[in-house]
Amino acid sequence: MSLDFGVYVHIPFCASKCDYCAFATWTDREHLVDAYLDALTTDIGRAVAAGMAPASTVFVGGGTPTLAPSAALADVIRSIPVQPGAEVTVECNPDDVTVDLLADYRAGGVNRVSLGVQSMSAHVLSALGRTHDIANVERSVAAINEVGMPSFNLDIIYGASGETVDDWRDTVSAALALRPPHVSAYGLTVEAGTPLASDPDRHPDDDDQADKYELVDDALVAAGLANYEVSNWARPGHESRHNFLYWRQQDYRGFGCAAHSHRSGRRWWNVRTPDRYIDLVAAGGDVEASSETLDADTRRFEGLQLLLRTRDGIPADSFSPETLAVLDGHLRPHDDDPHRVVLTRSGRLMANEISMRLT
Ligand code: SF4
């Protein structure tokens, strides 16, 4: 059996910058898109020639991958060697999705799309600094169904300024009406350096976030989507294998500017700007900007923190007996292994605090 190995491809272009976003993306470099896709193909080709293993999962994210010409992006994806049955996902902006775009992706081997819905309420989208039209979400899902895309995810966010619990309920209901096999629901987080960070009046409230988490969990579970990581729910068989690869500390290789890679405890990341990435690839230079190697203790601790957030859970003896007693109600035995513990829902609401108590 082949080992799990992931490939991430970063597309660093966006039509406009969302208010809360700290990702490495640019809104003024569309003139670089073609050169950037060429650089990706060259960089991937060099890695393949150097013996890169076939991927079990591929994830094309950003940024906004759907801003790139779809046939050219499909060519980049096709240049990545994959194992039989690999999961190949592209993040899509609902404004850009058409049947033709998805048909190009399908021809490139894409079998899953992740749709950045965020909210189904116009005033909440505007508070998030997002531009897309809600009707485009419905059109996108119709296109996904029309091309027979085997799986898709809807990404939604709660906690924007001015979002009421009723707004959030409407977003969740409208998302569920589209019958998604997978939903990611994230609480809005305040990232340093964003416009949101400099406006404390609009920062999310913890109690409000907790109410909205419980609301979305109830609704998704009732609709047959099981929670398998704090912020992710899926119908059986539609869990994101690429995400699990990160959570299980497996190896992955990132292509493109600002992309991160990991192999056996060594992590490295590429130069931050698309300009620099294109120039370095053209010159045959090394695109790695910097790296770190985790010592065994740090790696073990990080591994437990990540797995604790998933339905895999962690060995019960990762906590002291005293801590286990204090956390009663926030942890429960794993269904298949009494020596492991998993978070209950109240535990998922405190996942960060609980992970600080690992021994
Ligand atoms: S579309 Fe996504 S990547 Fe681009 S600015 Fe908005 S949140 Fe960030």
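**Salt bridges and a small sheet, in Q&A**

Author: Let's start with one contact: Asp-217 and Arg-345 meet through their side chains in a salt bridge, at 3.0 Å from N to O. Keep in mind that this is a predicted model.

Reader: How many residues apart in sequence are the parts that this pair ties together?
Author: Asp-217 sits in helix H7, while Arg-345 belongs to helix H12 (residues 345-348). The salt bridge between them therefore links parts whose separation in sequence is 128 residues.

Reader: Is Asp-217 buried or exposed?
Author: Its partner Arg-345 has 26% relative accessibility, so Arg-345 counts as partly exposed. For Asp-217 the relative accessible area is 5%. Buried means under 20%, so Asp-217 is buried.

Reader: Which residues join into one network with that pair?
Author: Here salt bridges share partners. Besides Asp-217 and Arg-345, the network takes in Asp-218 and Arg-348.

Reader: What about Asp-75 and Arg-78, how far apart are their closest N and O atoms?
Author: Both residues lie in helix H2 (residues 70-78), three residues apart, which is about one turn of the helix. Each is partly exposed, Asp-75 at 44% relative accessibility and Arg-78 also at 44%. They form a salt bridge, and the closest N and O atoms are apart by 2.6 Å.

Reader: On to the sheet: which residue in E15 is the bridge partner of Pro-333?
Author: The open sheet has three strands in the order E13-E15-E14, paired antiparallel. Strand E14 (331-333) is one of the edge strands, and three bridges join E14 to strand E15 (residues 340-343). In E15, Pro-333 has as its bridge partner Val-341.

How values were computed: Residues are numbered from 1 along each chain as its sequence is written. This is a predicted model: local features need pLDDT of at least 70, side-chain atom pairs count only at pLDDT 80 or more; totals for chains, interfaces and linings use all residues. Side-chain values use heavy atoms; hydrogens and water are left out. Two strands pair if DSSP finds at least two bridges between them. Helices (H or I, at least four residues) and strands (E, at least two) are DSSP runs, numbered from the N terminus. A salt bridge is a side-chain nitrogen of Lys or Arg within 4 Å of a carboxyl oxygen of Asp or Glu. Buried means under 20% relative accessible area, exposed over 50%, partly exposed in between (1.4 Å probe, protein chains only).
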